[in-house]
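Visitor: Could you walk me through this model? I'd like the overall fold and then the packing.

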Amino acid sequence: MSKGIGKEFMEKTKYQYLEEPDRDKGLPQPPLEVEYNPEGIFIELPSIEDIEVKDISLKQAIESRKTTRKYKDIPLTIEELSYLLWCTQGVKRVILNAATLRNVPSAGARHAFETYLYIRKVDGIKPGLYRYLAIEHKLMAVNLDPEVSEKFTISCRNQKFINNNAVTFVWSTSVYRMKWRYGERGYRYIHLDAGHVCQNLYLSAEAIECGVCAMAAFDDDKINELLGLDGENNFVVYLASVGKKNK
């Protein structure tokens, strides 16, 4: 592999090298979320209107936010998890089945992410891997096998705090959702969008006395395989560990 692959990527995704995107060719856009088995195991999440969190100012949230790798041995409530999911990928409105408006910005309102969760300690939810269905605002079980804990830790390069947190957020991309409009340059926007999502997690976590640690160190192939992603059309981009702050 070329040692200059990063420089080549930045060069070849400049506008002057881009081909006409599929949107401009009149090709149909991809679905707003990846299809799932309607016969799966689902968990309805509390409505955001029914959730109360501590009232803190934006200034306080920004100034208090810091990366946290040590957590109290206290579970999150399902209401707190619902709140974090809503703040990071919650769908406020679906527009003519063509776009979603959410609580984070996204290039062209493409919102090319799917959210997976490795849940360890959330009241009322069995530990395991889940997927957040943002449009429906509910969880779907992906893998509840007890062995998934070790496999997930290995896929995260054995980072110790993975096993003392409450939940790990995993953001994967359905890349064609972005490429359909922006072509190869869409890969740039996916990584920018990931930053928007994770920052919302950091800030919203302050209202429920939680800390966050963003993670880019993971084994791409292992974690994609664990989540059932092909690694090409759908693949993991970013992770973040969440738990009650150990002050």
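**Fold and packing**

Guide: The secondary structure of the chain comes to seven helices and nine strands, where helices (H or I, at least four residues) and strands (E, at least two) are DSSP runs numbered from the N terminus. This is a predicted model, in which local features need pLDDT of at least 70 and side-chain atom pairs count only at pLDDT 80 or more, while totals for chains, interfaces and linings use all residues. Residues are numbered from 1 along each chain as its sequence is written, and side-chain values use heavy atoms, with hydrogens and water left out.

Visitor: What is the order of the strands in the open sheet?

Guide: The order is β1-β6-β5-β4-β7-β9-β8, seven strands with antiparallel pairing; two strands pair if DSSP finds at least two bridges between them. At the edges are β1 (42–44) and β8 (210–215), each pairing on one side only.

Visitor: How many bridges join β1 and β6?

Guide: Three, in the antiparallel sense, with β6 covering residues 138–143. Glu-44 has Lys-138 in β6 as its bridge partner.

Visitor: And how many between β8 and β9?

Guide: Six, also antiparallel. There, Met-215 is matched with Leu-239 in β9.

Visitor: Is β8 mostly covered or mostly open?

Guide: Mostly covered, since five of its six residues are buried, meaning under 20% relative accessible area (exposed is over 50%, partly exposed in between; 1.4 Å probe, protein chains only).

Visitor: Switching to helices. Which strands does α6 touch?

Guide: Helix α6 (residues 186–205) packs on the sheet and touches β4 (113–119), β7 (167–174), β8 and β9 (234–244), where contact means heavy atoms within 4.5 Å. The direction of α6 makes about 10° with that of β9; axes are lines fitted to C-alpha atoms, for helices over the stretch in contact, and angles run from 0 to 180 degrees between N-to-C directions. Helix α7 (residues 220–227) runs at about 85° to β9.

Visitor: Which residues touch the most other members of the largest nonpolar core?

Guide: Leu-81, Leu-84, Ile-119, Leu-139, Phe-169 and Val-242, out of 48 residues. Such a core is a set of buried Ala, Val, Leu, Ile, Met, Phe, Trp, Tyr and Cys residues joined through side-chain atoms within 4.5 Å. The largest share of this core, nine residues, comes from α6.

Visitor: What does Leu-81 contact, beyond its neighbours within four places in sequence?

Guide: Its contacts include Leu-76, Leu-117, Ile-119, Leu-139 and Phe-169.

Visitor: How much of the chain is buried?

Guide: Buried residues make up 48% of the 247 residues.
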